[in-house]
Amino acid sequence: MDSITALARMLKENENPKPMSMSTGIVISPPPNAQIRLNDTVILYNNQLVFAAHILEDYEREIELEGDIRFTDSLFQAFEAKEVKSTTKDTLKEGDEVILLPTADEQLYFVLAKAVRFE
């Protein structure tokens with residue numbers, strides 16, 4: 001193959017880069033020593049995973065609440081709460097399905113959320 005043909009093939013291959021696509025995995029072991037089964041042969045470990053903070057145990061988020069509250073036998077009363085903290089307890093556990101997004105070289109996977117299926 002001549003060099004012009006080789007160059008043309010390289011340019012054509014660059015036009016159609018492999019698209020990244022999300023996938024799911026199954027939690028074998030939850031964080032902090034995470035293991036996630038990607039498929040029948042691949043298991044991902046901590047050094048290959050980046051977790052979204054909101055799916056981790058004891059993730060704390062500051063929130064501000066505002067609205068109406070009703071006490072028994074009374075009218076609605078306005079309330080405002082500043083600097084409230086919320087702590088999540090529904091973390092990943094063994095058997096959970098998670099949504100994964102790989103980097104282009106598939107050497108690192110972002111764990112975005114728990115997956116929920118309606119079947």
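**Exercise 1.** Work out which residues are linked in a network of salt bridges with Asp96.

*Solution.* Begin with the term itself: a salt bridge is a side-chain nitrogen of Lys or Arg within 4 Å of a carboxyl oxygen of Asp or Glu. This is a predicted model, in which local features need pLDDT of at least 70 and side-chain atom pairs count only at pLDDT 80 or more, while totals for chains, interfaces and linings use all residues. Residues are numbered from 1 along each chain as its sequence is written, and side-chain values use heavy atoms, with hydrogens and water left out.

Next, take the pairs in turn. The side chain of Asp96 meets that of Lys93 in a salt bridge at 3.4 Å, N to O, and the side chains of Asp96 and Lys114 meet in another at 3.7 Å, N to O. Asp96 lies in the loop between β6 (76-87) and β7, whereas Lys114 lies in strand β8, 18 residues apart, so that this pair links distant parts of the chain (strands are DSSP runs of E, at least two residues, numbered from the N terminus). The network therefore consists of Lys93, Asp96 and Lys114.

**Exercise 2.** Decide for each residue of this network whether it is buried, partly exposed or exposed.

*Solution.* The cut-offs come first: buried means under 20% relative accessible area, exposed over 50%, and partly exposed in between (1.4 Å probe, protein chains only). Asp96, at 11% relative accessibility, counts as buried, whereas Lys93 at 47% is partly exposed, and Lys114 at 30% is partly exposed too.

**Exercise 3.** The structure holds 3 salt bridges; describe the one that Arg117 forms.

*Solution.* Arg117 pairs with Glu97, and their closest N and O atoms are 2.7 Å apart. This pair also links distant parts of the chain, with Arg117 in the segment after β8 and Glu97 in strand β7, 20 residues apart. Arg117 counts as exposed at 51% relative accessibility, while Glu97 is buried at 16%.

**Exercise 4.** Find which elements give two or more residues to the largest nonpolar core.

*Solution.* A nonpolar core is a set of buried Ala, Val, Leu, Ile, Met, Phe, Trp, Tyr and Cys residues joined through side-chain atoms within 4.5 Å. The largest one has 12 residues, including Val27, Ile36, Leu92, Val98 and Val111. The elements sought are β7 (97-102) and β8 (109-114).

Key:
Helices (H or I, at least four residues) and strands (E, at least two) are DSSP runs, numbered from the N terminus.
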